[in-house]
Amino acid sequence: MKFPILRKGLHYLDNAATTQKPEIVMDTLKSFYENSNANVHRGIYALSEHATSMLEDARETFARFIKAHPEEIIFTKSATEGFNLLATSISRSFRMKGKNIVTSEMEHHSNFIPFQQIPDAELRVVRYSEGLTPESFASKIDQDTIIATFTGMSNATGLITPAKGIIQALRNKNPETIIIIDATQLAAHSRIDVRELDADFLCFSAHKVYGTLGVGILWGRKELLRKMSPYLYGGNMIDDVSIEKTEWTEIPYKFEAGTIDAAGIIASAAAITSISENFGENNKREESLRDYALKRLKAVEGLDIIGHDGKGKYGPIISFTMDRIHPHDLATVCDKYGICIRAGHHCAQPLMKALGVNSTARISLSFYNTEEDIDALTMAVEEAKRILK
Ligand code: ALA
């Protein structure tokens, strides 16, 4: 796979923010707009039917990627929109008064705020210090828990939650609870089988699995999706509209109001097909790069790594702080050497508060990274110490 942007001298270590795109993504986008562009599910002419069939093939590709049925795949504009869709649609469809919602302190804001903002329901939060374990989740849930939502992998620290065990514990205590998984980070680094996982909903974004910006994937159990009210109202999601009332069309289209980014979805599906070929080997490479990075960073005096301490599993994301150096200053020094790292609160302020920091520096690795990228980072970290301390 070729990644044109990865020219010599660029050390891209911010893959949790977005991954770089293989050539096939740009080629597919160009070809779609040159040869196949028409609005999908609307035209009764060959060009539109061709674009529609390409879109539905892409839906099948995403379904295969997580072992789901195509009709359970809803395209949104981001994982964030997926969580907002769920929070809004669930509260439009089920009684929320007297109910509670369980989540964790480790969530990205996109999987926290939409549920925090639901009126009438109590928010119960599993604290980071309790450990994100089946037991800690089970201790928060009761017969009134309507939603439990948590991440499969922290975007801020790389900690992987024992999602299957947590889901089993939740199901044992309340089989009716709607379980949502944030797979935004997990999707690029771990094979997902939604049936085996046994959640009800799962969201991720295409741009973090080598697809285009502006495409989100929401998987949901069809029985639940059929019961739920739409999130956005508009074109292409109705059966019949009259002045008195509107009847919705079937899933998944009921949740896809408006013109969707067919070109981006089709190009993102091409990325998924391409990465699926060597998925397991790529994940192993990411693990070995993570171990190399941990070894190099642990050797830097004054650098504190968050987690990666033998307790729990971690993906290829490493967050760290440095004695008397602000993460933003560190990121600026790194940038001078063409090293892209993220610095900040990573849209996970409750977690930052639990860790007792305002921000961290973070590297996040992809299989296309190299040991040289990590060597460049350690050199820049030492340079930052020399300049800034
Ligand atoms: N959620 C993305 C990140 O963690 C943007 O960087």
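How far does a polar side-chain atom of Asn155 lie from an oxygen atom of the ligand? The distance is 2.8 Å, and the points below place this contact in its setting.

1. The model is predicted, so that local features need pLDDT of at least 70 and side-chain atom pairs count only at pLDDT 80 or more, while totals for chains, interfaces and linings use all residues. Residues are numbered from 1 along each chain as its sequence is written, and side-chain values use heavy atoms, with hydrogens and water left out.

2. The ligand is surrounded by Ala16, Ala17, His108, Asn155, Lys208, Arg342 and Arg362, where a residue is taken as near if one of its heavy atoms lies within 4 Å. This shell divides into two nonpolar, two polar and three charged residues; Ala, Val, Leu, Ile, Met, Phe, Trp, Tyr, Cys and Pro count as nonpolar, Asp, Glu, Lys and Arg as charged, and the others, Gly among them, as polar.

3. Besides Asn155, an N or O atom in the side chain of Arg342 is 2.4 Å from an oxygen atom of the ligand, and a polar side-chain atom of Lys208 lies 3.2 Å from a nitrogen atom of the ligand. On its own the ligand has 220 Å² of accessible area, of which the protein covers 83% (Shrake-Rupley method, 1.4 Å probe).

4. Strand β5, residues 145-151, is mostly covered, with seven of its seven residues buried, that is, under 20% relative accessible area with a 1.4 Å probe and protein chains only. Strands here are DSSP runs of E with at least two residues, and helices are runs of H or I with at least four, numbered from the N terminus.

5. Strand β5 pairs in the parallel sense with strand β3, residues 100-104, over three bridges, pairing requiring at least two DSSP bridges, and Asn100 stands opposite Thr145 in β5. Five bridges join β5 to strand β7, residues 178-182, also in parallel, and here Ala148 stands opposite Ile179 in β7.

6. Helix α2, residues 46-65, has 20 residues and reaches 29 Å from its first C-alpha to its last, close to the 28 Å expected, the expected span being 1.5 Å times one less than the number of residues. Its buried residues include Leu55, Phe62 and Phe65, and just after α2, Lys67 takes a positive phi of about 60 degrees.

7. Helix α10, residues 262-276, should span 21 Å because its 15 residues are counted at 1.5 Å a residue, and its end C-alpha atoms are indeed 21 Å apart. The helix α10 is mostly covered, 13 of its 15 residues being buried.

How values were computed. Polar contact = N/O pair within 3.5 Å; in protein donor to acceptor, adjacent residues only side chain to side chain. Buried < 20%, exposed > 50% of the residue type's maximum accessible area, 1.4 Å probe, protein only.
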